[in-house]
Amino acid sequence: MYKRQVNDDDLPKFKKWSDDSVAAIGNHDMSKQQLKQLVLSQGEFFSYFSQKIVERRAERRDDLISDVVHAELDGEPLSDTEMLGMFNQFLVAGNETTTKLLASSVRILCEQPELMARLRDDPSLIAGYVEEALRLEAPVQGLWRTALQDSEVGGVPIPAGSHLMLVYASGNYDESQFPDAETADPCRKNAMKQLSFGHGEHYCLGAALARAEGRIAIETLLERLDDIAFADDVRFDYEPSYVLHGLKALHLTFTAKQPVAV
């Protein structure tokens with residue numbers, strides 16, 4: 001297990017870099033200010049991690065950055081450009097999608113108090129509920145793909161070389177696979193067949209971690225908080241992206257549970 005190498009003072013910077021990086025994904029209405037922030041954040045990010053690369057080359061540590069810096073592919077070290085690209089993926093893919101999943105999961109529970117009570121009564125259902133939240137509110141709605149050969153889907157011919165937007169979120173509502181598809185059923189037997197992590201060679205490498213984070217977060221939330229509900233000023237504003245799907249914010253009210261005396 002890696003030792004913690006990040007200072008708390010760095011976390012707001014990481015969050016800002018991440019937010020700015022994804023602002024352009026699936027967003028055709030970026031403002032000049034957003035574009036400016038994207039360029040500035042990328043410069044800050046690359047400068048920060050370029051220095052980390054220099055430090056880890058000189059002194060290896062027990063952390064992920066060192067593993068990447070000292071990794072080899074076919075006997076050759078990775079280039080700085082390759083490493084910086086990987087670090088950017090770690091930053092964005094490691095938090096943006098999970099953050100969106102957690103917000104959507106809580107929104108569904110607040111909209112369905114009876115479901116929240118059911119999970120409180122039987123926490124073993126939480127893992128199944130996370131799968132349903134992924135299915136209903138896929139953080140990544142779809143991604144682009146290129147057809148490698150002539151194909152046909154639903155009677156529509158797809159010539160080799162065609163560039164497609166493969167919308168996983170639509171498949172998650174396929175009634176032939178998920179009867180009563182708009183209902184969150186934590187006991188759904190085929191819940192893990194949801195497509196929010198992709199499929200085949202493109203399957204998300206972080207799927208197991210995302211599932212664990214979702215389950216632990218919901219378990220902790222229900223264990224520590226009572227009376228979870230929407231705040232009076234709650235608004236459901238979603239990011240302006242046809243790729244990433246998530247709330248900008250979720251305002252809640254709750255009562256913290258009192259610790260049980262031992």
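Contact here means heavy atoms within 4.5 Å, and buried means under 20% relative accessible area, exposed over 50% and partly exposed in between, with a 1.4 Å probe and protein chains only. Helices (H or I, at least four residues) and strands (E, at least two) are DSSP runs, numbered from the N terminus.

You're looking at a predicted model, where local features need pLDDT of at least 70, side-chain atom pairs count only at pLDDT 80 or more, and totals for chains, interfaces and linings use all residues. Residues are numbered from 1 along each chain as its sequence is written, and side-chain values use heavy atoms, with hydrogens and water left out.

**Stop one: helix α7**

Select residues 126–136. Because 10 of the 11 residues of α7 are buried, the helix is largely enclosed by the rest of the structure. Colour the buried set: I126, G128, Y129, V130, E131, E132, A133, L134, R135 and L136. Now show what they pack against: α5 (96–111), α6 (113–121) and α9 (207–224).

**Stop two: α5 across α7**

Keep α7 on and add α5. Their axes come within 9 Å and cross at roughly 105° (axes are lines fitted to C-alpha atoms, for helices over the stretch in contact, and angles run from 0 to 180 degrees between N-to-C directions). That makes α5 roughly perpendicular to α7; the label covers 65 to 115 degrees, with under 35 roughly parallel, over 145 roughly antiparallel and the rest oblique. Turn on side chains for L101, S105, I108 and L109 in α5, which meet Y129, V130, A133, L134 and L136 in α7. The residues of this contact divide into 8 nonpolar, 1 polar and no charged. Here Ala, Val, Leu, Ile, Met, Phe, Trp, Tyr, Cys and Pro count as nonpolar, Asp, Glu, Lys and Arg as charged, and the others, Gly among them, as polar.

**Stop three: S162**

Jump to the loop between β5 (156–158) and β6 (163–166), where you'll find S162. S162 counts as buried, at 19% relative accessibility. Draw a distance from its side chain: a polar atom there lies 2.7 Å from the backbone oxygen of P159. Leaving aside neighbours within four places in sequence, S162 is in contact with R145, T146 and A147.

**Stop four: two positive phi angles**

Most residues other than glycine have a negative phi. Select D74, in the loop between β1 (72–73) and β2 (76–77): its phi is near 55°. D74 is exposed, with a relative accessible area of 76%. Finish at D227, in strand β7 (residues 225–230), which has a positive phi of about 55°. D227 is exposed too, with a relative accessible area of 56%.

Conventions: A polar contact is a pair of N or O atoms within 3.5 Å; within protein, one must be able to donate a hydrogen and the other to accept it, and residues adjacent in sequence count only if both atoms are side-chain atoms.
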